[in-house]
Amino acid sequence: MITGSDLYHVLTAVVPLYVAMILAYGSVKWWKIFTPDQCSGINRFVALFAVPLLSFHFISTNNPYTMNTRFIAADTLQKLIVLVVLAIWSRVSARGSLEWSITLFSLSTLPNTLVMGIPLLKGMYGDFSGSLMVQIVVLQCIIWYTLMLFLFEYRGARLLIAEQFPDTAGSIISFRVDSDILSLDGKEPLQTEAEVGDDGKLHVTVRKSTSSRSEIFSRRSHGGMNSGVSLTPRPSNLTNAEIYSLQSSRNPTPRGSSFNHTDFYSMVNGKNASGASPRGSNFGNGGYDEESGNNRVNGQGNTGYPAPTNAGIFSPVSGPAGKKKGGGGDGGGKDLHMFVWSSSASPVSEGGIHVFRGGEYGNDLGGVPHTKDYDDFGRNEFSFGNQPGPNGVDREASVLSKLGSSSTAELHPKASPHGETKPAAMPPASVMTRLILIMVWRKLIRNPNTYSSLIGLTWSLVSFKWHVQMPAIVAKSIAILSDAGLGMAMFSLGLFMALQPKIIACGNSVATFAMAVRFLTGPAVMAAASIAVGLQGTLLHVAIVQAALPQGIVPFVFAKEYNVHPDILSTGVIFGMLIALPITLVYYIVLGL
């Protein structure tokens, strides 16, 4: 039976987290203490130090040799059940899709265990439940978030291949991805070059598009060969704010460039402005039409693939249509990297970790930054939807349209004019798997939480096996930052909430459906899985309550980066956090009767 004292202990453990969140919210929304750039610095500290060290602290101090196998089996079974059901639904239902399967899997199985779950469950059921939550955190970081990345990259690979090789994808036997490409998320235009081998099969190379490379050269030439970035803040149409960014990558932006490619080649090769590009082409009298964005063969626009069989290389460009020569750099191809995981530049420098930042920095002012009122921040610049640009053009769609990276994009084959459905051919499974694993690996090695989880698990295995104590000077250095982790994480979440135009970004009906999946379907499946593996008593209660925690933040970061229902996941994080305490208390009281 739950007593008043039990409820007080729960509130004692959880209310301080909400206090930190409310103070952060008020600091931006009411008292105007922090600017978006200052919020950026706070969030960067949380992303690179506080949360990884907090994760390391919990994992390294948990005994892996006493892990509850039944509890872990119940959690794993819950996720497998949801995966199987969603896989079947996406194949047999006309409404099923890979995008919705990923989103529903996130909503139903990936709660906020690290920040919210550990203190809440400790307050409800004692310290042993905190150890169970750490076990869930280890599995989430190592297995389930990696699976999420795999699914997102698989989606990006399918969209890229279907767009650029609609008829010849089945002939691809190898992919080589340039080292400067860190993801197939569709946020930057990519270029593919295919060589036909002796056996008639295609060997594909994926690299950044010509326009993207020209812009990088332009930035470096202005910022100095050693700096690699422009010395002045560049215009940006960043929307929203990043929270708990988890990657440490440098992803150059797909912003449209005013750089004249002809002048570039003439500068490099000493030709006049009318000189042809020095790069040879097997298309004959063909080229690339910068105004239309299409390849030209004998003066005719041509977007059909593949190239003629006598063409050794063909380079379809995935990305927005090229700008007219001399066009400004503030057009449709602006910086959309809301959730770039970077640690290499300042918040106002190109390619940096743009967190909690908005506004058109330096726009129409020749690159000179200017300030904006708080009323201006948090409106269009911080909206989640694909907001239209000044000319009514969808900002994100202008960059992502070629890859079809809409959050509602379907991967189902289109019907032919005769009404017959032709299945889209894909490369062999082994080829696709290797491509996706390469991209997932590049994401993981730039994620500080990957290192904190693996190092923490390794240390715990060594420490509890041979009873090795961490040196006091190291332990205290980690403790100083990890102790601040929970509070800073909640403070960062409050800043994020304050910069959003709406708490419910996806609409009331969709939000109701998402909350039902989060707080009803997830716990129901977990209860069934727990009973199936034999969990009883307090362990069963812990399993159900942890499944009713608010939405995890990492899946939201992924959803925004890959543009797969980010508004739904943002609502799950923000609104879910607000209603999580009363809902989990209801579960706690009902299960304790």
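**Exercise 1. The crossing of α5 and α15**

Task: In this predicted model, determine in which hand α5 passes α15, and describe which residues of the two helices meet.

Solution: The crossing in which α5 passes α15 is right-handed. For the geometry, take helix α5 as residues 113-125 and helix α15 as residues 537-547; the two pack at an angle of about 145°, and their axes are 11 Å apart. Next, list the residues on each side: α5 contributes T113, L121, M124 and Y125, and these meet T538, H541, V542, V545 and Q546 of α15. Sorting the residues of this contact by character gives 5 nonpolar, 4 polar and no charged.

**Exercise 2. What covers α15**

Task: Find which residues of α15 are buried, and name elements that cover them.

Solution: The buried residues in α15 are L540, V542, A543, I544, V545, Q546 and A547. The cover over these buried residues includes α5, together with α3 (69-92), α6 (127-164), α14 (508-533) and α17 (566-591). Comparing the two lists, V542, V545 and Q546 are buried and also take part in the contact with α5.

**Exercise 3. Aromatic pairs**

Task: State how many aromatic pairs there are, and classify the pair of W30 and W31 and the pair of Y125 and Y588.

Solution: The count comes to 10 aromatic pairs, with ring centres required to lie within 6.5 Å. A pair of aromatic rings is described by the distance of the centres and the angle of the planes. For W30 and W31, the centres are 5.9 Å apart and the planes stand at 75°, so this pair is edge-to-face, the cut-off being over 60 degrees. W31 has 47% relative accessibility and therefore counts as partly exposed.

The pair of Y125 and Y588 is likewise treated in two steps: the distance is 5.5 Å centre to centre and the angle between the planes is 85°, and the pair is edge-to-face. Because Y125 lies in helix α5 and Y588 in helix α17, the pair ties together parts that are 463 residues apart in sequence. Both Y125 and Y588 are buried. Elsewhere, ring pairs link Y145, F152, F558 and Y562 into a cluster.

**Exercise 4. Two lysines in helices**

Task: Decide whether K79 is buried or exposed, do the same for K443, and place each in its helix.

Solution: K79 belongs to helix α3, and with 0% relative accessibility K79 counts as buried, because the cut-off is under 20%. Once the neighbours within four places in sequence are left aside, the contacts of K79 are F105, T109, L110 and W144. K443 belongs to helix α10, residues 429-444, and its relative accessible area of 1% makes K443 buried as well. The C-alpha atom of K443 is separated by 6.5 Å from that of L182, although their positions lie 261 residues apart along the chain.

**Exercise 5. The loop between α13 and α14, and helix α17**

Task: Work out where C506 and Q500 are placed, and how many Å separate C506 from L569, C-alpha to C-alpha.

Solution: C506 is in the loop between α13 (485-498) and α14, and Q500 is found in the loop between α13 and α14. C506 counts as buried at 13% relative accessibility, and Q500 is buried with a relative accessible area of 3%. L569, in helix α17, counts as buried at 1% relative accessibility.

Turning to distances, L569 and C506 are 8.8 Å apart in space, C-alpha to C-alpha, while 63 residues apart in sequence. Q500 and S570 are 9.7 Å apart on that C-alpha basis, with a separation of 70 residues in sequence. Leaving aside neighbours within four places in sequence, C506 is in contact with A511, D567, I568 and T571, whereas the contacts of L569 on that basis are T103, S106, L107, Q551, P555, F556 and A559.

**Exercise 6. The protein as a whole**

Task: Give the secondary structure of the protein, its buried share and its accessible surface.

Solution: The protein comes to 17 helices and 8 strands, and 51% of its 593 residues count as buried. Its accessible surface is about 25400 Å², of which 60% belongs to carbon and sulfur atoms. Among contacts with a separation of 6 or more, 80% are between residues 24 or more positions apart.

Key:
Residues numbered from 1 in each chain as written. Predicted model: local features only at pLDDT ≥ 70, side-chain atom pairs only at ≥ 80, totals over all residues. Heavy atoms only, no water. Axes fitted to C-alpha atoms, helices over the stretch in contact; angles between N-to-C directions. Helix = DSSP H or I, 4+ residues; strand = E, 2+ residues; numbered from the N terminus. Left-handed = near helix turned anticlockwise from the far one by under 90°. Contact = heavy atoms within 4.5 Å. Nonpolar A, V, L, I, M, F, W, Y, C, P; charged D, E, K, R; others polar. Buried < 20%, exposed > 50% of the residue type's maximum accessible area, 1.4 Å probe, protein only. Phe/Tyr/Trp six-rings, centres within 6.5 Å; stacked < 30°, edge-to-face > 60°. Areas by Shrake-Rupley, 256 points an atom, 1.4 Å probe, with all protein chains shown as cover.
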